[in-house]
Amino acid sequence: MRRERLFDLHPREVVDTDVMVIGGGIVGLATAYYLAKRGRRVAVLERSTFGFEASGRTAAGVRQQGRDLRELPLAMASVALWADLDDELQDQTYYRRSGNIFIAVSADEMAKFQAATEQERSAGLYVEMLDRDRLKHMVPSLSDRCLGGKHCPSDGMAEPWAVIRALVAAITRHGGRLYPNTEALDFVVQGDRVVSVLTDTIEFRPEVTVNAAGPWAALLATRVGVTLPIRPFPAQLIETEQVELRCDGFLVFPGEAVYCRPTISGCIHFGPISVLTPRDVMKSPSQLSPVAQVRTKIASLIPALGGVHIRRAWMGLLDVTPDTLPIIGPVPGLSNYIVAAGFSGHGFGLGPGVGSALSALIVDGRPSIPLQAFSLSRFASAQ
Ligand SMILES: Cc1cc2nc3c(=O)[nH]c(=O)nc-3n(C[C@H](O)[C@H](O)[C@H](O)COP(=O)(O)OP(=O)(O)OC[C@H]3O[C@@H](n4cnc5c(N)ncnc54)[C@H](O)[C@@H]3O)c2cc1C
């Protein structure tokens, strides 16, 4: 396909590479890391700084429970990789298996948790129900509104800034080339191959291109003639001053649509959970909640958070698909172009699993973790 390029200001330096990764969030960086480790020449383009978008603004939960069962095997494989990530990267990510607790405020929710427990256990994930006493013992700061919960002890969290830093250093150590503040602007496609990725000053000639551009993946894909059903959607996070909750776990209150977790520095991060259906998100992209409203909700569940000082709040963009599952893998019509986007708010925990699976797909011709559930073609067959 030859067409007018967006930007053709001056001659570009030509750089050959085995794999071009577009997007320096956790998904692109993890993919680049596992490829560089296997000796592939890899280049990562990030139009801002690494982790500047969702991957640096995330709540950083590494969660298996409460997943769509089609996503669970990938989440479990990823958790297995998280366990060794500090050794692997020779750095500290502050990953900890401090557990994840879904907390109920109604009997109806407890019944839903019970049903989910049975399903998840039959899928091979250990989860357990907590009655009110056990829950209170594990999380003493909860209010009496909390009736019980569902606990996944092998879930956990990490610190996003540390993970990004560790990945960047490890990629460099393995010879990968990183290009911050460098935007992929356009592509040259010949036949069924993407032969060039163009920035303002460089023409990369990769064997394989990976589109890991998060909410912008759909926009970039249009430049190679591919339509991705991905919409940006804002998600908020609020940070308190340091406060002692006597619980290290990640707490989710689905009935109240809020969650919280302690950071390694002793602050609490809490935020709203979107109650929009994916179909709503595809139609109307924005609904932010006032910070005071979210704080009132969380304080009704954890009274200690009612009076603490709020340091800051921010927003990051999720990349949401119609079924909230990611799109991972090749796309029809192009033989050397792979998408890894549409993580719909779950991409931080999945990052290492996706990176490892894609490096195996690119190097060995088959992914190390099955990816069929995430093919783009599922949307075509759904019509
Ligand atoms: C508030 C909040 C809370 C969250 N909580 C959790 C959680 O607890 N657990 C969990 O698993 N997930 C969570 N998520 C979701 C998770 O953070 C994301 O799914 C994940 O970070 C996505 O990573 P990514 O690498 O795919 O995309 P991103 O981090 O969005 O990275 C994409 C990158 O591509 C770059 N880019 C875009 N276009 C171009 C271009 N043309 N050229 C070069 N670079 C480009 C962008 O600058 C960006 O840095 C949360 C997200 C938010 C915002």
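How are α3 and α11 oriented to each other? In this predicted model, the axes of helix α3 (residues 72–83) and α11 come within 7 Å and cross at roughly 85°. Angles of 65 to 115 degrees count as roughly perpendicular, and α3 and α11 are therefore roughly perpendicular to each other. On the α3 side, the contact takes in Leu74, Ala75, Ser78, Leu81 and Trp82. These meet a run of α11 residues made up of Phe348, Gly349, Leu350, Gly351, Pro352, Gly353, Val354 and Ser356. Sorted by class, the contact of α3 with α11 comes out as eight nonpolar, five polar and no charged residues.

Helix α11 (residues 347–364) also packs against helix α1 (residues 26–37), and here the angle is about 40°, with the axes 7 Å apart. That angle falls outside the ranges for roughly parallel, roughly perpendicular and roughly antiparallel, so α1 and α11 are oblique to each other. The crossing of α1 past α11 is right-handed. From α1, the residues involved are Ile26, Val27, Ala30, Thr31, Tyr34 and Leu35. Their counterparts in α11 are Gly347, Phe348, Gly351, Pro352, Val354, Gly355, Ser356, Leu358, Ser359, Ile362 and Val363. This contact of α1 with α11 has eleven nonpolar and six polar residues, and again no charged ones. Among the α11 residues, Phe348, Gly351, Pro352, Val354 and Ser356 turn up in the contact with α1 and also in the contact with α3.

Helix α1 has a further partner in α7. The axes of α1 and α7 come within 9 Å and cross at roughly 30°. With angles under 35 degrees counting as roughly parallel, α1 and α7 are therefore roughly parallel to each other. This time α1 goes past its partner in a left-handed crossing. Ile26, Leu29, Ala30, Ala32, Tyr33 and Ala36 of α1 make the contact with Val163, Ile164, Leu167, Val168, Ala170 and Ile171 of α7. Twelve nonpolar residues make up the contact of α1 with α7, with no polar and no charged residues. Ile26 and Ala30 of α1 take part here as well as in the contact with α11.

Helix α7 comes up again among the aromatic pairs, of which the structure holds seven. One of them has the rings of Tyr94 and Trp161 with their centres 5.6 Å apart and their planes at 45°, so the pair is tilted. It ties together distant parts of the chain, 67 residues apart: Tyr94 sits in the loop between α4 (85–89) and β4 (100–104), whereas Trp161 belongs to helix α7 (residues 160–173).

Next comes the sheet. Its eight strands are ordered β5-β6-β4-β13-β14-β15-β12-β16, and the sheet is open with mixed pairing. At the edges are β5 (128–130) and β16 (310–320), each of which pairs on one side only. From one strand to the next, the twist averages 20°. Helix α10 (residues 291–301) packs on this sheet, where it touches β12, β13 (250–253), β14 (258–262), β15 and β16. The direction of α10 makes about 75° with that of β14.

Strand β12 can be followed to both of its neighbours. With β15 (residues 267–272), strand β12 (residues 231–242) runs antiparallel, and three bridges join the two. Along this pairing, Glu239 of β12 is opposite His269, and Ile238 has Phe270 as its bridge partner in β15. With β16, strand β12 is again antiparallel, joined by ten bridges. One partnership there is that of Thr240 with Ile310 in β16.

Definitions and conventions:
Residues are numbered from 1 along each chain as its sequence is written. This is a predicted model: local features need pLDDT of at least 70, side-chain atom pairs count only at pLDDT 80 or more; totals for chains, interfaces and linings use all residues. Side-chain values use heavy atoms; hydrogens and water are left out. Two strands pair if DSSP finds at least two bridges between them. Helices (H or I, at least four residues) and strands (E, at least two) are DSSP runs, numbered from the N terminus. Axes are lines fitted to C-alpha atoms, for helices over the stretch in contact, and angles run from 0 to 180 degrees between N-to-C directions. Contact means heavy atoms within 4.5 Å. Angles under 35 degrees count as roughly parallel, over 145 as roughly antiparallel, 65 to 115 as roughly perpendicular and the rest as oblique. A crossing is left-handed if the near helix is turned anticlockwise from the far one by less than a right angle, and right-handed if clockwise. Ala, Val, Leu, Ile, Met, Phe, Trp, Tyr, Cys and Pro count as nonpolar, Asp, Glu, Lys and Arg as charged, and the others, Gly among them, as polar. Rings of Phe, Tyr and Trp (its six-membered ring) pair if their centres lie within 6.5 Å; planes under 30 degrees apart count as stacked, over 60 as edge-to-face and the rest as tilted.
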